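Me: Please take a close look at the salt bridges of this structure. I should like a connected account of the individual pairs, of their place along the chain and of their exposure.

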Amino acid sequence: MHRRSFLTKATVGAAAAGGATLAAPVFAQDSPTVNWRLASSFPRSADAIYSGGEAVAKYVSEATGGKFSIRVFPAGEIVPALQVLDSVQNGTIECGHSASYYYYGKDPTLSFDAAVPFGLNTRQMNAWMRHGDGLKLLRDVFKKYNVVNFPCGYTGTQMGGWFRNEIKSVDDLKGLKFRVSAFAGAVLSRLGVVPQQIAGGDIYPALEKGTIDAAEWIGPYDDEKLGFHKVAKNYYYPGWWEGTLQVSLYVNQDAYNKLPKHYQAALDQACAAATNDMIAKYDAENPAALRRLVSQGAQLRAFPKPVMDACYAEANKLYAEMSAKSPDFKRVYDSMVAFRGDVLPWFRVAEGNFDGYMSTIRR
């Protein structure tokens, strides 16, 4: 505060003495007006996940006194939902809020920035990204697309989806038309599933008409809004392909480089705050939503262990095949697996036992 006062008085004094035009203080000159556009891959109706982009815009504006403004657009308004990465890459927009596994077809390695089968849970993913090699390795991958990626939200472990019929054995997967993410679909197709790529808004009518046999989306809070329980009663868990979903903010590298350092810092901290907000909202809303779904007839069912084991085995085979084809994929996969191996024993000893005991308590 004293330094700012000193700088201001010194500038005024020099201008008065020399009759010169008063110069703006240095700190004001370093805070230019910046206006960005952010395209989301999520509709405004999916408020928990969509709000991540809005939170970033809010925190950045507050941190810079309104000098750094980001206008948020929902999926499809200025950029198609699944073209956010491309649009940030080519500079059509300065930034985007998306899930990196949407771009599995562009490069499967990008999926590690979001969720992969039998990967990490939220706490583990956050630790790998921030205190392991996760973010460093993935930023090296995103450099190829002229993008700087920031973790910007978590959903927690997702549900396994809504099924018209029960899944009692691996044989029940054969011929199953299942709306599921691309990486999970690549694993499940090896067991006879017919993966379907359907946008969120089109899932309900497809289930209702029988065009598909099952569908996964996110979890109770989001699934309830889409009404899947009205047409497919069997609600399976866990979503082994998404131990969590990390949502990311993509920033065009050239646009990022033009930002003052304190704007870059504000953006980084805004993403961290938005991440905390999102997982807190899901953790607060999912329990009540699950109770409501069960009260309306949803049948909670765990995937049988033989089914889980078969999926795990096929996932590992696919990982080996992809690692053999892509050095980038192998580098990131090996890092994630090593980190997972290090943290799982700790989680099993402390977190797992605590959660297991607390779940037995009757209120």
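Reply: In this predicted model, the side chains of Lys 174 and Asp 171 meet in a salt bridge, with N and O 3.3 Å apart. Lys 174 counts as exposed because its relative accessibility, 55%, is over 50%. Asp 171 is likewise exposed, at a relative accessible area of 53%.

A second pair consists of Asp 86 and Lys 106, whose closest N and O atoms lie 2.6 Å apart. This salt bridge links distant parts of the chain: Asp 86 belongs to helix α4 (residues 84-89), Lys 106 to the loop between β3 (95-98) and α5 (122-131), and the two are 20 residues apart. Asp 86 is partly exposed, with 29% relative accessibility, and Lys 106 is partly exposed as well, with 37%.

A further salt bridge joins Lys 225 to Asp 47, with 2.0 Å between the closest N and O atoms. Here, too, distant parts of the chain are linked, since Lys 225 lies in helix α9 (residues 220-226) and Asp 47 in helix α3 (residues 47-63), 178 residues apart. Lys 225 has a relative accessibility of 42% and therefore counts as partly exposed. For Asp 47 the relative accessible area is 23%, so this residue is partly exposed and not buried, the limit for burial being under 20%.

Asp 47 and Lys 225 also take part in a network of salt bridges, together with Lys 281 and Glu 285. Over the whole structure, the search finds 18 salt bridges.

Terms used:
Residues numbered from 1 in each chain as written. Predicted model: local features only at pLDDT ≥ 70, side-chain atom pairs only at ≥ 80, totals over all residues. Heavy atoms only, no water. Salt bridge = Lys/Arg side-chain N within 4 Å of Asp/Glu carboxyl O. Helix = DSSP H or I, 4+ residues; strand = E, 2+ residues; numbered from the N terminus. Buried < 20%, exposed > 50% of the residue type's maximum accessible area, 1.4 Å probe, protein only.
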